[in-house]
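Here's a walk through this protein, from the overall fold down to individual side-chain pairs. Have the model open and follow along.

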Amino acid sequence: MVDDKTKVNQVDGSGKGYELPLLLFAGFRTLIDRLHAELARQGHPDIRPAHGFAMQAIGADGATASEVGRRLGVSKQAAGKTVDRLIALGYAARTDDPADARRKLVRLTPHGIDALRRSAAVFDELRAEWAQALGTRRLGELESDLRTVVPPDAFRLDAAGWLGGS
(Lines give C-alpha, C1' and ligand atoms only; values in the text may rest on other atoms or scores of the structure.)
Protein backbone atom coordinates (compact mmCIF):
# COMPACT_ATOMS: atom_id res chain seq x y z
CA MET A 1 0.00 0.00 0.00
CA VAL A 2 1.32 3.44 -0.95
CA ASP A 3 0.72 6.17 1.63
CA ASP A 4 0.38 9.89 0.87
CA LYS A 5 3.96 10.66 1.93
CA THR A 6 5.30 8.01 -0.49
CA LYS A 7 3.18 9.52 -3.28
CA VAL A 8 4.69 12.96 -2.59
CA ASN A 9 8.20 11.51 -2.61
CA GLN A 10 7.51 9.80 -5.92
CA VAL A 11 6.29 13.05 -7.50
CA ASP A 12 8.75 15.59 -6.10
CA GLY A 13 11.85 13.39 -6.17
CA SER A 14 12.49 13.62 -2.45
CA GLY A 15 12.83 9.85 -2.01
CA LYS A 16 15.50 8.39 0.23
CA GLY A 17 18.89 7.63 -1.33
CA TYR A 18 18.74 3.97 -0.41
CA GLU A 19 15.45 3.58 -2.29
CA LEU A 20 16.99 4.20 -5.72
CA PRO A 21 19.15 1.06 -5.89
CA LEU A 22 16.34 -0.98 -4.35
CA LEU A 23 13.84 0.27 -6.92
CA LEU A 24 16.29 -0.33 -9.77
CA PHE A 25 16.99 -3.83 -8.49
CA ALA A 26 13.29 -4.53 -7.99
CA GLY A 27 12.62 -3.41 -11.56
CA PHE A 28 15.41 -5.68 -12.81
CA ARG A 29 14.15 -8.57 -10.70
CA THR A 30 10.57 -8.04 -11.90
CA LEU A 31 11.69 -8.19 -15.54
CA ILE A 32 13.89 -11.25 -14.99
CA ASP A 33 11.24 -13.14 -13.01
CA ARG A 34 8.62 -12.43 -15.67
CA LEU A 35 11.08 -13.46 -18.40
CA HIS A 36 11.77 -16.79 -16.75
CA ALA A 37 8.11 -17.53 -16.13
CA GLU A 38 7.44 -16.94 -19.84
CA LEU A 39 10.49 -18.96 -20.93
CA ALA A 40 9.24 -21.85 -18.80
CA ARG A 41 5.85 -21.59 -20.50
CA GLN A 42 7.57 -21.60 -23.90
CA GLY A 43 9.56 -24.79 -23.29
CA HIS A 44 12.58 -23.65 -21.27
CA PRO A 45 11.57 -24.53 -17.68
CA ASP A 46 15.09 -25.26 -16.41
CA ILE A 47 16.85 -22.10 -17.49
CA ARG A 48 17.96 -19.77 -14.69
CA PRO A 49 19.20 -16.15 -14.73
CA ALA A 50 22.83 -17.27 -14.31
CA HIS A 51 22.41 -19.46 -17.40
CA GLY A 52 21.41 -16.43 -19.46
CA PHE A 53 24.54 -14.55 -18.37
CA ALA A 54 26.65 -17.62 -19.16
CA MET A 55 25.08 -18.07 -22.60
CA GLN A 56 25.80 -14.41 -23.34
CA ALA A 57 29.40 -15.00 -22.21
CA ILE A 58 29.68 -18.00 -24.54
CA GLY A 59 28.47 -15.83 -27.41
CA ALA A 60 27.86 -16.62 -31.05
CA ASP A 61 31.44 -17.78 -31.67
CA GLY A 62 31.81 -19.97 -28.60
CA ALA A 63 34.35 -19.66 -25.82
CA THR A 64 36.54 -21.77 -23.59
CA ALA A 65 35.45 -22.35 -20.00
CA SER A 66 38.29 -20.05 -18.90
CA GLU A 67 37.01 -17.29 -21.19
CA VAL A 68 33.48 -17.76 -19.85
CA GLY A 69 34.85 -17.44 -16.31
CA ARG A 70 36.73 -14.23 -17.15
CA ARG A 71 33.70 -12.72 -18.87
CA LEU A 72 31.47 -13.57 -15.91
CA GLY A 73 34.01 -12.59 -13.27
CA VAL A 74 34.01 -16.04 -11.68
CA SER A 75 36.63 -18.76 -11.27
CA LYS A 76 37.33 -21.27 -14.03
CA GLN A 77 35.85 -23.93 -11.75
CA ALA A 78 32.62 -21.98 -11.19
CA ALA A 79 32.33 -21.30 -14.92
CA GLY A 80 32.99 -24.99 -15.63
CA LYS A 81 30.18 -25.96 -13.27
CA THR A 82 27.76 -23.60 -15.01
CA VAL A 83 28.91 -24.80 -18.43
CA ASP A 84 28.43 -28.42 -17.31
CA ARG A 85 24.87 -27.55 -16.26
CA LEU A 86 24.17 -25.85 -19.60
CA ILE A 87 25.47 -28.94 -21.39
CA ALA A 88 23.34 -31.25 -19.22
CA LEU A 89 20.27 -29.14 -20.04
CA GLY A 90 21.06 -29.15 -23.77
CA TYR A 91 21.81 -25.42 -24.09
CA ALA A 92 25.52 -25.82 -24.89
CA ALA A 93 28.01 -28.42 -26.12
CA ARG A 94 31.77 -28.82 -25.99
CA THR A 95 33.48 -28.93 -29.36
CA ASP A 96 37.04 -29.02 -30.64
CA ASP A 97 38.58 -25.60 -31.24
CA PRO A 98 39.43 -25.47 -34.96
CA ALA A 99 42.29 -23.03 -34.20
CA ASP A 100 43.88 -25.13 -31.42
CA ALA A 101 43.36 -28.89 -31.13
CA ARG A 102 44.36 -28.76 -27.43
CA ARG A 103 41.42 -26.55 -26.52
CA LYS A 104 37.73 -27.25 -26.20
CA LEU A 105 35.20 -24.60 -27.06
CA VAL A 106 31.77 -24.32 -25.53
CA ARG A 107 29.18 -23.49 -28.14
CA LEU A 108 25.49 -22.84 -27.89
CA THR A 109 23.24 -25.54 -29.28
CA PRO A 110 20.11 -24.77 -31.30
CA HIS A 111 18.22 -25.14 -27.98
CA GLY A 112 20.46 -22.47 -26.41
CA ILE A 113 20.09 -20.15 -29.38
CA ASP A 114 16.31 -20.64 -29.21
CA ALA A 115 16.32 -19.65 -25.52
CA LEU A 116 18.26 -16.46 -26.28
CA ARG A 117 15.98 -15.57 -29.23
CA ARG A 118 12.90 -16.14 -27.10
CA SER A 119 14.45 -14.07 -24.29
CA ALA A 120 14.97 -11.14 -26.66
CA ALA A 121 11.34 -11.35 -27.83
CA VAL A 122 10.02 -11.56 -24.26
CA PHE A 123 12.15 -8.56 -23.22
CA ASP A 124 10.61 -6.62 -26.13
CA GLU A 125 7.13 -7.57 -24.88
CA LEU A 126 7.99 -6.59 -21.30
CA ARG A 127 9.36 -3.25 -22.48
CA ALA A 128 6.11 -2.67 -24.39
CA GLU A 129 4.17 -3.38 -21.17
CA TRP A 130 6.29 -0.83 -19.30
CA ALA A 131 5.68 1.68 -22.12
CA GLN A 132 1.95 1.05 -21.79
CA ALA A 133 2.08 1.54 -18.00
CA LEU A 134 4.43 4.56 -17.95
CA GLY A 135 3.87 6.04 -21.36
CA THR A 136 6.24 5.68 -24.29
CA ARG A 137 7.78 9.12 -23.75
CA ARG A 138 8.39 8.58 -20.02
CA LEU A 139 9.95 5.17 -20.59
CA GLY A 140 12.18 6.62 -23.31
CA GLU A 141 13.20 9.41 -20.95
CA LEU A 142 13.92 6.89 -18.18
CA GLU A 143 16.13 4.87 -20.53
CA SER A 144 17.88 8.01 -21.74
CA ASP A 145 18.41 9.22 -18.17
CA LEU A 146 19.87 5.86 -17.16
CA ARG A 147 22.22 5.97 -20.17
CA THR A 148 23.37 9.38 -18.90
CA VAL A 149 24.29 8.16 -15.41
CA VAL A 150 25.39 4.60 -16.22
CA PRO A 151 28.88 4.49 -17.75
CA PRO A 152 29.16 2.61 -21.06
CA ASP A 153 31.55 0.06 -19.53
CA ALA A 154 28.91 -0.87 -16.93
CA PHE A 155 27.33 -3.27 -19.44
CA ARG A 156 29.21 -6.32 -18.23
CA LEU A 157 28.21 -9.94 -17.80
CA ASP A 158 29.84 -10.40 -14.42
CA ALA A 159 26.63 -9.75 -12.47
CA ALA A 160 26.53 -13.35 -11.25
CA GLY A 161 30.00 -13.01 -9.75
CA TRP A 162 29.24 -9.53 -8.45
CA LEU A 163 26.12 -10.79 -6.69
CA GLY A 164 28.08 -13.67 -5.17
CA GLY A 165 26.60 -16.52 -7.21
CA SER A 166 27.85 -18.57 -10.09
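A residue is called buried when its relative accessible area is under 20%. By that yardstick, buried residues account for 29% of the protein's 166 residues. Keep in mind that this is a predicted model.

## The overall layout

Count up the secondary structure and you get 8 helices and 2 strands. Going along the sequence, the order is α-α-α-α-α-β-β-α-α-α.

As for how the chain folds back on itself, take the contacts with a separation of 6 or more: 54% of them join residues 24 or more positions apart. The accessible surface adds up to about 11,200 Å², with 57% of that belonging to carbon and sulfur atoms.

## Two helices that cross

Have a look at helix α3 (residues 49-58) and helix α5 (residues 76-89): their axes are 10 Å apart and the packing angle is about 95°. An angle of 65 to 115 degrees counts as roughly perpendicular, so that's the label for α3 and α5.

Where do they touch? On the α3 side you'll find H51, A54, M55 and I58, which meet T82, R85, L86 and L89 of α5.

## Salt bridges

The structure holds 11 salt bridges. One of them pairs the side chains of R103 and E67, at 3.9 Å from N to O. Since R103 sits in strand β2 (residues 100-108) and E67 in helix α4 (residues 65-72), this pair ties together parts that are 36 residues apart in sequence. R103 is partly exposed, at 32% relative accessibility. There's also a network of salt bridges here, linking E67, D97 and R103.

Another bridge joins the side chains of D84 and R94, at 2.7 Å from N to O. This one links helix α5, home of D84, with strand β1 (residues 92-97), home of R94, and the two residues are 10 apart. Both ends are partly exposed: D84 has 40% relative accessibility and R94 has 41%. Then there's K104 with D96, whose closest N and O atoms are 2.5 Å apart. K104 is partly exposed at 46%, while D96 reaches 52% and counts as exposed.

## A nonpolar patch on the surface

Which residues make the nonpolar surface patch? They are L20, L24, L134, L142, L146, V149 and V150, and the patch covers about 560 Å². Helices α2 (19-41) and α7 (136-149) each supply at least two of its residues, with α7 giving the most, 3 residues.

L20 is a handy one to pick out. This leucine lies in helix α2, and because its relative accessibility is 54%, L20 counts as exposed.

Conventions:
Residues numbered from 1 in each chain as written. Predicted model: local features only at pLDDT ≥ 70, side-chain atom pairs only at ≥ 80, totals over all residues. Heavy atoms only, no water. Patch = residues over 30% accessible without salt bridge, like charges linked within 9 Å, V, L, I, M, F, W, Y side chains within 5 Å. Areas by Shrake-Rupley, 256 points an atom, 1.4 Å probe, with all protein chains shown as cover. Salt bridge = Lys/Arg side-chain N within 4 Å of Asp/Glu carboxyl O. Helix = DSSP H or I, 4+ residues; strand = E, 2+ residues; numbered from the N terminus. Buried < 20%, exposed > 50% of the residue type's maximum accessible area, 1.4 Å probe, protein only. Contact = heavy atoms within 4.5 Å. Axes fitted to C-alpha atoms, helices over the stretch in contact; angles between N-to-C directions. Parallel < 35°, antiparallel > 145°, perpendicular 65-115°, else oblique.
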